Amino acid sequence: MRPHSAAEAAMLLAATAALVLGVRAGAAQSAAPSAADRGGPQSEPLRIITYTREHCGELSRRADELMQRRPRVTPESVELRDEGKRLCAEGQIRPGIIRLRRAIMLLRAPAP
Amino acid sequence: MSGTPHVADPPDVGETPPDVGEALPTWSPRRHGRLGAFFGQAGVRFGMIYACLFGASSLALAAFLWWSTAGLLDRQTEAAILVDFQGLTERLAEGGVGNLIETIEQRIAGNIDDDAVYLLVDARMQRLAGNLERWPRGVAPDFDWTNLRIDRGGIRTLARVHHADLEGGLHLLVGRDVESRVQLRGIVADAMLWAAVIAVLLGTVGAMAVRGLFRATLADISATAIAVSAGDLTRRVKVTGHSDEFDLLAETINDMLDRIARLMEGVRQVSNAIAHDLRTPITRARMRLEDAATSARTEADLHQAIERAQADLDGIVAVFQALLRIAEIEAGARRSAFSRVDVAPMLSDMAELYEAAAEEAGQTLVARIPPQAMVFGDRDMIQQAVANLLDNAMKFSPPEGVIRLGAHVAGGSGSAGGVGAGVAAGTVEIVVADDGPGIPPQDRARASQRFFRGEAARSTPGSGLGLALVQAVAMLHGGTLRLEDNAPGLRAVLVLPVGDGANGAKTGEVA
């Protein structure tokens, strides 16, 4: 290999490597959490405390109240409420909560 | 580094010898180092400029794509959080803390995407409402943005939160999960990474192509220059036919080389002509003197021989004077003395003078001179040029021949003589026509070269420098000398510009 070709190949490799490292570092930096999340004061994640049976019960109560207040309810909202209650009772708290919230959103929506 | 900077370094033993493709001069590695020699090449610099421009363009495109994808998602998330936060503060203003707590509970209950983060604490940082277990440690409650790691039902995610102080010592934190956006940003980053790698490869390949194209284009020019400097004046730069800037450069260089070759050929011809034309009179003078020295019987014979030899030597001196005069004219030293000159009176005087001489030879001179013919030039030189043309006309016209002298001013308004038409704008044409043997068409282009003598002129006296001087005068004035067929005879047209002579000088030629 001639010296110029070798130099060009070396430049190409160096430029590619620099670019890869630079973009990788940039992407990692932009996705990183704040100082509080890098092993500082917040060493452990903060919990979302709504994934509990109590919150399931609260959402069920709100859904029931909304159903009683509305003259007509859609079968879908009833089905979501019942499914949410069942899942919460079976210990699947988060899926149950999500269904109850959907039922509440449907019941809050204006009547057609 | 060489110890003698003014002496070229000898080539490296292992260096590749230059070929047509590598004819460009390269920097000496010993003086600049191999890396310096590499970057010292113009082709490499052009390639790097191309690569830099390509890289900058790619970078700008990548920045725009990032701003319009991942950046847009970030901005949308923060805008949604701010709207949510603003709504909650309005609830507080409308109905107090109770209303705010109820609103937060409603929003948590209606968060079907399960991505919301709310926390309302009092002045003692005790939780009043929300779904976050506590205020994060190390995060000041005042106005700010923060990324938080949170545990959402056993799943760890990242949330972007906004927090600020409210009235009554309350502190509110509102946020959204951004884990999916972070993942999307990673995907975009990966795509851009690979795009960047491809851009680097393409940029490098393009830079190498630019460098190769540059070298290939200049290699032929360099090889031609090397060949010419080595003595091969026939070598020319190849013209690709693309009519681009490189073709223009190649044609200009070829024109320059043609001109140099013509000048070199002219110098060679003049040298040969001087040697040939002067050898005969010098030999003749020597023989006359030698003959007189050996065989003169009387003093009168000796004086006669010396006078003949003097005549021969005077002819040689005249030739040299004519050559020096032509050289002086061609050098253009007298152009600074140019002025606006009316050549009409001068031509009338010459017509009167030559009319008498023509009558003595049994010839007739017909002159048609306009009242005025202004040119920008040297009166004496123009007079000498016209005199040469008239001398030639009288010399080659037969007895009872007719010689015509005329002049035409630009636009034909002052034309006279009836020996020409179609005068170029901004010029004065001085025409001398005879009815002698003329010059064959194949000899007309060479007729103004020094020492050129046509077949018809072999038997007439002369040095072959008359038309060369006229041509030199025409060139100096930015005009031309045209030699045309007068059917029969020769029609010599000296074209001189009317302008100030600043433009077009040295462009004269024989047509």
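**Close-up views of a predicted two-chain model**

**View 1. Strand 1 of chain B is covered on both faces.** On one side of strand 1 of chain B, Ala116(B), Tyr118(B) and Leu120(B) are buried, and on the other side Val117(B), Leu119(B) and Val121(B) are buried as well. The model shown here and in the other views is a predicted one. In a regular strand, side chains alternate between the two faces of the sheet. Six of the six residues of strand 1 of chain B are buried, so this strand is largely enclosed by the rest of the structure.

**View 2. Strand 1 of chain B pairs with strand 5 and with strand 2 of chain B.** Strands of a sheet pair through backbone hydrogen bonds, and the pairing is either parallel or antiparallel. With strand 5 of chain B, strand 1 of chain B forms six bridges in the antiparallel sense. Val121(B) has His171(B) as its bridge partner in strand 5 of chain B. Strand 2 of chain B also runs antiparallel to strand 1 of chain B, and three bridges join these two. Here Val121(B) stands opposite Arg127(B). Strands 1 and 2 of chain B form a hairpin with five residues between the strands, and in this hairpin Met125(B) takes a positive phi near 65 degrees.

**View 3. Arg176(B) is a buried residue in strand 5 of chain B.** Is Arg176(B) buried or exposed? Its relative accessibility is 15%, and a residue counts as buried under 20%, so Arg176(B) counts as buried. Leaving aside residues up to four places away in sequence, Arg176(B) touches Thr77(B), Ile81(B), Asp84(B), Asp115(B), Ala116(B), Tyr118(B), Leu158(B), Ala159(B) and Arg160(B). Two of these contacts, Ala116(B) and Tyr118(B), are on one side of strand 1 of chain B.

**View 4. Six strands form an open sheet with mixed pairing.** The order of the strands is 1(A)-3(B)-4(B)-5(B)-1(B)-2(B). Which strands stand at the edges? They are strand 1 (46-47) of chain A and strand 2 (127-130) of chain B; each has a single partner strand, so one side of each is left without a neighbour in the sheet. Within the sheet, strand 3 (residues 144-152) and strand 4 (residues 155-165) of chain B pair in the antiparallel sense over nine bridges. One of the bridge pairs joins Thr146(B) to Val161(B) in strand 4 of chain B. Helix 3 of chain B packs on the sheet and touches strands 1, 2, 3, 4 and 5 of chain B. The direction of helix 3 of chain B makes about 140 degrees with that of strand 5 of chain B.

**View 5. Helix 2 of chain A packs against helix 3 of chain B.** The axes of helix 2 (residues 53-69) of chain A and helix 3 (residues 70-109) of chain B are 11 Å apart, at an angle of about 95 degrees. The two helices are therefore roughly perpendicular to each other. From helix 2 of chain A, His55(A), Leu59(A) and Arg62(A) take part, and they meet Glu102(B), Glu105(B), Gln106(B), Ile108(B) and Ala109(B) in helix 3 of chain B. The residues of this contact divide into three nonpolar, two polar and three charged.

**View 6. Chain A has four helices and one strand.** From the N terminus on, its elements run α-β-α-α-α. Chain A has 112 residues, of which 34% count as buried. Its accessible surface comes to about 6600 Å², and 59% of this belongs to carbon and sulfur atoms.

Note on methods
Residues numbered from 1 in each chain as written. Chains lettered and ligands numbered in written order. Predicted model: local features only at pLDDT ≥ 70, side-chain atom pairs only at ≥ 80, totals over all residues. Heavy atoms only, no water. Axes fitted to C-alpha atoms, helices over the stretch in contact; angles between N-to-C directions. Parallel < 35°, antiparallel > 145°, perpendicular 65-115°, else oblique. Contact = heavy atoms within 4.5 Å. Nonpolar A, V, L, I, M, F, W, Y, C, P; charged D, E, K, R; others polar. Buried < 20%, exposed > 50% of the residue type's maximum accessible area, 1.4 Å probe, protein only. Areas by Shrake-Rupley, 256 points an atom, 1.4 Å probe, with all protein chains shown as cover. Pairing = 2+ DSSP bridges.
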